[in-house]
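Welcome, and please open your viewer so that we can walk through this protein together. Have the selection tool ready, and we will go stop by stop.

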Amino acid sequence: MEASSRAVRLVLVSTALVVAACTTPAPKPKAVQPLATLSGTVTFLEPITLSPDTVVTVRLADVSRQDAPAKLLAEQVISSPGASPIPFELSYDPDAIVPSHSYAVQARIEWEGKLLFLNERHHCVITRGCPSTLEVAVVPVHR
């Protein structure tokens, strides 16, 4: 009789847990923050049209820490870019932006895995009065 009494209590406790789980309201989903956008163009002065197998990579990075690699926040890879200027648009999470940090856009152009162009100038964006639209000039890499 004691075994059946334990079985009945176990069934009752299990049923109570199931009922409690069913009546507990589900947590509300966190509101999805829309992405912010940073846009501009990559330009070079050479009067050329890039080969269709050329790749332009544009990155948004947190460059605040001088003793550590930059933290990547967004990246766009553009295949078959054509001639200069090359438009880009980077979408990033605005919640990841710290007002006291420094952010920069970096651009590079590669062909068959070889670096052809790179930006030499620091292009500050987003914080500290810096713009969210810009022109990133790249220069040839000399080997």
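How many bridges join strand β1 to strand β4, and in which sense do the two run? Select residues 36-43 for β1 and residues 86-92 for β4: they run antiparallel, with 7 bridges joining them. Keep in mind as you look that this is a predicted model.

**The whole chain**

Zoom out for a moment and colour by secondary structure. You should find 1 helix and 9 strands. Starting from the N terminus, the order is α-β-β-β-β-β-β-β-β-β, with the helix ahead of the strands. Now switch on a surface: about 9700 Å² is exposed, and 60% of that comes from carbon and sulfur atoms. Of the 143 residues, 27% are buried. If you draw the contacts between residues at least 6 apart in sequence, 64% of them link residues at least 24 apart.

**The sheet around β1**

Go back to β1 and show the side chains. L38 has L90 of β4 opposite. Next select T41, whose bridge partner in β4 is P87.

Then add residues 133-137, which are strand β8. β8 pairs with β1 in the parallel sense, over 5 bridges. To see one of the matched positions, pick S39 together with T133, its bridge partner in β8.

With the three strands displayed, you have an open sheet in the order β4-β1-β8, and its pairing is mixed. Which strands stand at the edges of this sheet? They are β4 and β8; each has a single partner strand, so one side of each is left without a neighbour in the sheet. Turn the view to look along the sheet: from one strand to the next, the twist averages 30 degrees. As you go along a strand, remember that in a regular strand the side chains alternate between the two faces of the sheet.

**The β5-β6 hairpin and β9**

Now select residues 103-111 for β5, and 114-118 for β6. The two pair in the antiparallel sense over 4 bridges. Together they make a hairpin with 2 residues between the strands. Click on E112 in the turn, where phi is positive, at about 50 degrees. Beside the turn, label W111 and its bridge partner K114 in β6.

β6 has another partner to show. Add residues 139-140, strand β9, which runs antiparallel to β6 and is joined to it by 2 bridges. Here F117 stands opposite P140.

**N119, in the loop after β6**

Step on to N119, which is in the loop between β6 and β7. Is N119 buried or exposed? N119 has a relative accessible area of 14%, and the cut-off for buried is under 20%, so N119 counts as buried.

Show the side chain of N119 and draw two distances. One of its polar atoms is 2.8 Å from the backbone nitrogen of A107. The side chain of N119 also reaches the backbone oxygen of R121, at 3.0 Å. Beyond residues up to four places away in sequence, N119 touches V105, Q106, A107, V136, A137 and V138.

**The disulfide**

Select C124 and C130 and show them as sticks. A disulfide is a covalent bond between the sulfur atoms of two cysteines. The count for this protein is 1 disulfide, formed by C124 and C130 with their sulfur atoms 1.7 Å apart. The torsion about the S-S bond is about 85 degrees, so this disulfide is right-handed. Compare the surroundings of the two cysteines: C124 is partly exposed at 25% relative accessibility, whereas C130 is buried at 19%.

**Last stop: A83**

Finish in the loop between β3 and β4, where A83 is found. A83 is partly exposed, with a relative accessibility of 36%. Which residues does A83 contact, leaving aside its neighbours within four places in sequence? They are F44, I48 and T49. Draw a C-alpha to C-alpha distance from A83 to I48 and you should read 6.5 Å, although the two are 35 residues apart in sequence.

Definitions and conventions
Residues numbered from 1 in each chain as written. Predicted model: local features only at pLDDT ≥ 70, side-chain atom pairs only at ≥ 80, totals over all residues. Heavy atoms only, no water. Buried < 20%, exposed > 50% of the residue type's maximum accessible area, 1.4 Å probe, protein only. Contact = heavy atoms within 4.5 Å. Areas by Shrake-Rupley, 256 points an atom, 1.4 Å probe, with all protein chains shown as cover. Pairing = 2+ DSSP bridges. Axes fitted to C-alpha atoms, helices over the stretch in contact; angles between N-to-C directions. Polar contact = N/O pair within 3.5 Å; in protein donor to acceptor, adjacent residues only side chain to side chain. Disulfide = S-S within 2.5 Å.
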